[in-house]
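This report covers a pocket, an annotated span and some aromatic contacts. Please keep the structure in view while reading.

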Amino acid sequence: MPNINLAVIYYSSTGTNYQLASWAVEGAKIAGAEAKLLKVEELAPQSAISSNPAWKAHVEAAKDVPVATMDDLIWADGIIFSVPTRFGNVPSQMKQFLDTTGGLWAQGKLANKVVSAMSSASNPHGGQEATILSLYTTMYHWGAIIAAPGYTDPVTFASGGNPYGMSATVGQDGEIQENLRDGVIYQAKRTVSVAQWVKNGKPQ
């Protein structure tokens, strides 16, 4: 089985991307990888969190999830990001984390990391694809290798058809509308496979 370290790094306000990230960890472990579930720091003021019962409940539920660090990026052979869309863009919590990676980038320590991403929004055209592509822009600067699911397996069609990365539509009841679990597990397994190919072929 592959000797691959996979970091699944997410931001979630009400729990959707926590769920996607948890499925990704499950898929990575099925593929034989060592996987970490990691969140980025919450930046929103407590008053905003407290005003939304679902947000407040999720912050409490995820309080024991470790916060991602630069050491986690160094450790990882592959990284899966999961974020909600914010006006078609990456949420500020994840953007701040990415903006702190300049030191590692300058040292070349993020080059050839295998990365993939997932997203969510409250309607089918709410910016999921744009958010993933926006996140991938940072990955290009890293010199990372993007392992998008594409249409490499029929599960992509069953999971909503987004070739850039699995994406969730969240209903007014807070539930994910698509059947995404299998798609996320496939995306994680594919990311592990590509990371293994890179690791096997990369000179030490």
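The sections below go through a predicted model.

## Annotated span

An unreviewed UniProt entry carries the annotation "domain: Flavodoxin-like" for residues 6–192. In the model, helix makes up 42% of this span and strand 17%. The C-alpha atoms at the two ends of residues 6–192 are 7 Å apart.

## Largest pocket

The largest pocket holds about 500 Å³ of space. It is lined by 24 residues, and those closest to its centre are Thr-14, Thr-16, Ala-121, Ser-122 and Val-170. Two elements, α1 (16–30) and β4 (114–121), each give two or more residues to the lining.

With four residues, α1 supplies the largest share of that lining. By residue type, the lining of the largest pocket has 16 polar residues, seven nonpolar and one charged.

## Aromatic contacts

The model has three aromatic pairs. One of them is Tyr-10 with Tyr-18, edge-to-face, with 5.7 Å between the centres and 65° between the planes. Tyr-10 counts as buried because its relative accessible area is 1%, whereas Tyr-18 is partly exposed at 30% relative accessibility.

Another aromatic pair, Tyr-151 with Phe-157, is stacked: the centres are 5.0 Å apart and the planes differ by 25°. Tyr-151 is partly exposed, at 45% relative accessibility. Phe-157 counts as exposed because its relative accessible area is 57%, and the cut-off for exposed is over 50%.

## Charge over a ring

Which residue lies over the face of Trp-75? Lys-36 does, at 4.2 Å from the ring centre.

Methods:
Residues are numbered from 1 along each chain as its sequence is written. This is a predicted model: local features need pLDDT of at least 70, side-chain atom pairs count only at pLDDT 80 or more; totals for chains, interfaces and linings use all residues. Side-chain values use heavy atoms; hydrogens and water are left out. On a 1 Å grid over the protein atoms alone, a cavity is a set of points where a 1.4 Å probe fits but cannot get out, and a pocket is an open set with protein on both sides within 12 Å along at least five of seven lines; lining residues have an atom within 4 Å of a point. Grid points are joined across faces, edges and corners, and a volume is the space filled by probe spheres set on the points. Ala, Val, Leu, Ile, Met, Phe, Trp, Tyr, Cys and Pro count as nonpolar, Asp, Glu, Lys and Arg as charged, and the others, Gly among them, as polar. UniProt positions are given in the numbering used here, feature names are shortened, and annotations may be inferred rather than shown by experiment. Rings of Phe, Tyr and Trp (its six-membered ring) pair if their centres lie within 6.5 Å; planes under 30 degrees apart count as stacked, over 60 as edge-to-face and the rest as tilted. Buried means under 20% relative accessible area, exposed over 50%, partly exposed in between (1.4 Å probe, protein chains only). A charge sits over a ring if NZ of Lys or CZ of Arg is within 6 Å of the ring centre and within 35 degrees of the ring normal.
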